[in-house]
Amino acid sequence: MIGLKAVALKTQKIETLVVPVCADKKIHDDRALNAVIQKALKLKEFKADKEDRVTLYDVKQLAAARVICVGLGKLKKIDLDVLRSFCGSAVDKCIQSGFETVWIAVPAAERLKMESPDVVEAMMEGACLGNHIFDKYKKEKKKKALKRINFWIKPPAAGKLGRIAPRVRTVCAGTTLAREWISTPSNEKRPERLTRAIVSQARKYGLKTRVLRARELKQQKFGAMLAVAAGSSSKPSLVILEHQPPGAKKSLALVGKGVTFDSGGLNIKTGNGMAAMKADMSGAAVVAATLITQARLRSKTHIIGAIPIVENMPSGEATRPGDIVRSYAGKTIEIGNTDAEGRLILIDAMSYVVKKYNPKIMIDLATLTGACVVALGEKIAGVFSTDDRLVEAIQASGDKTHERCWPMPLPEDYKELLKSDFADLNNMPSSRWGGAITAALFLSEFSGDTRWAHIDIAGPAYHKKGNAYCGPGGTGFGVRLLCDLIQRL
Ligand code: BES
Ligand code: ZN
Ligand code: ZN
């Protein structure tokens, strides 16, 4: 639980107070606090460089039993994500020390040349996300999440910031829900089971749910999606979630790739390419978690979530390279490669959304291509759209939340690479170069006239190692970004 508190540090009985310290400028306004910081800076071992830390006990200026000073580095380099990361690692260190409660001092926003709601929000996010532990499959739970994280702020500043903590709590709960789904191993989330898990969470928070199961998918001719599911003994589904507040006008559709495991199918993946493919449903997890979060926040926007869920496996029933299928939209597709399955399930879901809901805006999220990871690395997603305003909004939300997105092109002439000799399109481009672009171009053929953007999250969806405010595994990348974006639309 996180909360904001404006109390007198001189008298407030506190066990542990963590204080961020800047290496070259004063960033706090409290006199007693600054006196303690001066004391720490006199020690040889503490220069307030990034990640420097020193613990002072029983300082006379404050009532706290223990004051942990943590360096942030130079002022010029301090941005919102430095603050987020500082709080994430502070919480992690406190967890490792076995503490139950911690207080964290919030610097004076003006001294950082930032807005105080942004500072408080980022710090709370880092702490909240850093306090999440995924140890469901460990018998011995070594780490225990903190019970309470208090943010100390200088007394007159607190009031107007009161609404931030509840929102951050809800948005971070959405992020950690997505993280848990993504980190769950594929044997524990085969399509039928993941479908149930998503639907039951969605119902709990009052979303309208609808599931198209294998029989309906066949009746309604979701040929591309069914081709991907053919090799698995677990049946596919298309989950539709809807948040429809009374009187809402704006409608946003979110589509998320839900491949619970991507073996590649008959074009089977080799070596360690397959190991992280439990995360190939990250788009689905993020879309479901975002809808749940928006329902909990009582968002005024009408939001539709479309989540195609399949497992991509080789078997005697599996789709073969060279097979031709008919997509929901009617276009035929030659399956040049069974490992390019994401685009197949996405186009059927997108076509369905456009036909049934005709939303104002449609955004899909998918761990779509290794090529996008080659282009932008593991921390930045690629965003593809012909709508510049939409790209700008997505990029702005990405910068604010540090779920960064970079615009990528959709060149008309590259569409040539998707031609098939026998069908309307080939899911396998004829050139190996520009794979993230050709995948996005393939999707673009099915967006109709809808304002649409595609976000390739193959890099940032999953981290083998983790960082200051995310453990190893699923990151939930996209939930905070989308929640911010919905406020901007
Ligand atoms: N799920 C993968 C993409 C991926 C790769 C995600 C690495 C995360 C990390 C996707 O289904 C895939 O296999 N794409 C192929 C496409 C190719 C066959 C045209 C790829 O990227 O190699
Ligand atoms: Zn694949
Ligand atoms: Zn895939």
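**Surroundings of ligand 1.** I began with ligand 1 in this predicted model and listed its neighbours: there are 15 residues around the ligand, and those that come nearest are Lys269, Asp280, Asp339, Glu341 and Gly370. Sorting the residues of this shell by character, I noted seven charged, four polar and four nonpolar. I then checked where the ligand sits with respect to the pockets, and found that the space taken by ligand 1 is the largest pocket.

**Polar contacts of ligand 1.** Next I looked up which side chains place N or O atoms close enough to ligand 1 to count as polar contacts, for which the cut-off is 3.5 Å. Asp280 has a polar side-chain atom 2.9 Å from a nitrogen atom of the ligand, while a polar side-chain atom of Glu341 lies 2.9 Å from an oxygen atom of ligand 1. For Lys257, I recorded 3.2 Å between an N or O atom of the side chain and an oxygen atom of the ligand. I also noted the cover on ligand 1, which taken alone exposes 520 Å², of which the protein buries 76%.

**Zinc site.** Turning to the zinc ion (ligand 2), I found its protein donors to be Asp262 through OD, Asp339 through both O and OD, and Glu341 through OE, at 2.0 to 2.2 Å from the ion. Along the chain, these donors follow the spacing D-x76-D-x1-E. What geometry do the six donor atoms of this zinc ion give? I entered the site as irregular, with angles of 72 to 168 degrees among the six donor atoms.

**Second zinc ion.** Finally, I followed Asp262 onward and saw that this residue bridges the zinc ion (ligand 2) and the zinc ion (ligand 3), the two ions lying 3.2 Å apart.

Technical notes. Residues numbered from 1 in each chain as written. Chains lettered and ligands numbered in written order. Predicted model: local features only at pLDDT ≥ 70, side-chain atom pairs only at ≥ 80, totals over all residues. Heavy atoms only, no water. Near = heavy atom within 4 Å. Polar contact = N/O pair within 3.5 Å; in protein donor to acceptor, adjacent residues only side chain to side chain. Areas by Shrake-Rupley, 256 points an atom, 1.4 Å probe, with all protein chains shown as cover. 1 Å grid on protein atoms, 1.4 Å probe; cavity = no way out; pocket = protein on both sides within 12 Å on 5 of 7 lines; lining within 4 Å. Sits in = over half its atoms within 2 Å of the grid points. Nonpolar A, V, L, I, M, F, W, Y, C, P; charged D, E, K, R; others polar. Donors = N, O, S within 2.8 Å, 3.2 Å for Na, K, Ca; no water. Tetrahedral: all angles 85-135°; square planar, octahedral: opposite > 155°, others 65-115°.
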